[in-house]
Amino acid sequence: MRVDLDVRNESRHKRLYRTDVLKRCAQRICEGEGVADDVELSVLFCDDPFIRELNREYRSIDRPTDVLSFEQEAAQSVHPRPLGDIVISLDTVHAHCAGDRALMREEVNLLFCHGLLHLLGYDHQTAEQRRKMQQKQSHYLGTTPENAWRFGPRTNADSGPNARRRSKPSLGR
């Protein structure tokens, strides 16, 4: 099983992710979720106006959000099989992390994991679905369940060795 990852950054924010880290994360998640065939997915890093337009068009919510996922359905014979697209607003990440670049990198990894789990069929419409998705994110990010579901404004107190007890090596840096 192989993951092909296409990453584009159309945001004004730069150097907040590493493609190799995202690819390893995607590989680990896909293997852990039993994906047997080769797959491809794309990640677009954008700014708030762009993701707001997508959010308005596809979810009828007229405001920016942090991450959106778009599944792609392809014929069985397409190889590698396209999983879909993940769109992450680095403006929203910047706002949530008050510009702290280390926190922003962690948030990008969290949002990427979250978006990929959506592409693999996970959702969080009910409490049970949320609990399951939170456990998956905790497992794949190597952090506590609380930190695996920490969306929105963050501070340095939310991060670091006292906040995150990693069970696996960090995905970042």
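**View 1. Three elements each supply at least two residues to the lining of the largest pocket**. They are helix α2 (48-59), strand β3 (67-71) and helix α4 (101-119). The model shown here is predicted. Strand β3 gives the most to this lining, with 5 residues. The space in the largest pocket comes to about 490 Å³.

**View 2. The lining of the largest pocket, residue by residue.** In total, 20 residues line the largest pocket. Which of them lie nearest its centre? They are R59, V67, L68, H118 and H124. The lining is mixed in character: 9 of its residues are nonpolar, 6 are polar and 5 are charged.

**View 3. Strand β1 has a buried face and another that is not buried**. The strand covers residues 3-9. V3, L5, V7 and N9 point to one face, and these side chains are buried. D4, D6 and R8 point to the other face and are not buried. In a regular strand, side chains alternate between the two faces of the sheet. Strand β1 shows such alternation along residues 3-9.

**View 4. Strands β1 and β2 run parallel**. Strand β2 spans residues 39-46. How many bridges join β1 to β2? There are 7. Within this pairing, V7 stands opposite V43 in β2. Between the two strands, the chain passes through helix α1 (residues 19-32). This β-α-β crossover is left-handed.

**View 5. V7 and its contacts.** V7 belongs to strand β1. Is V7 buried or exposed? Its relative accessibility is 18%, and buried means under 20%, so V7 counts as buried. Leaving aside neighbours within four places in sequence, V7 is in contact with Y17, T19, V43 and F45. One of these partners, V43, is also the residue that stands opposite V7 in β2. Another partner, T19, is 12 residues from V7 along the chain. The C-alpha atoms of V7 and T19 are separated by 7.0 Å.

**View 6. T92 in helix α3**. Helix α3 runs over residues 90-96. T92 has a relative accessible area of 9%. The cut-off for buried is under 20%, so T92 is buried. Which residues touch T92, leaving aside its neighbours within four places in sequence? Its contacts are D48, P64, T65 and D66.

Technical notes
Residues are numbered from 1 along each chain as its sequence is written. This is a predicted model: local features need pLDDT of at least 70, side-chain atom pairs count only at pLDDT 80 or more; totals for chains, interfaces and linings use all residues. Side-chain values use heavy atoms; hydrogens and water are left out. Buried means under 20% relative accessible area, exposed over 50%, partly exposed in between (1.4 Å probe, protein chains only). Helices (H or I, at least four residues) and strands (E, at least two) are DSSP runs, numbered from the N terminus. Two strands pair if DSSP finds at least two bridges between them. A crossover is right-handed if, with the strands pointing away from the viewer, the path from the first strand over the helix to the second runs clockwise. On a 1 Å grid over the protein atoms alone, a cavity is a set of points where a 1.4 Å probe fits but cannot get out, and a pocket is an open set with protein on both sides within 12 Å along at least five of seven lines; lining residues have an atom within 4 Å of a point. Grid points are joined across faces, edges and corners, and a volume is the space filled by probe spheres set on the points. Ala, Val, Leu, Ile, Met, Phe, Trp, Tyr, Cys and Pro count as nonpolar, Asp, Glu, Lys and Arg as charged, and the others, Gly among them, as polar. Contact means heavy atoms within 4.5 Å.
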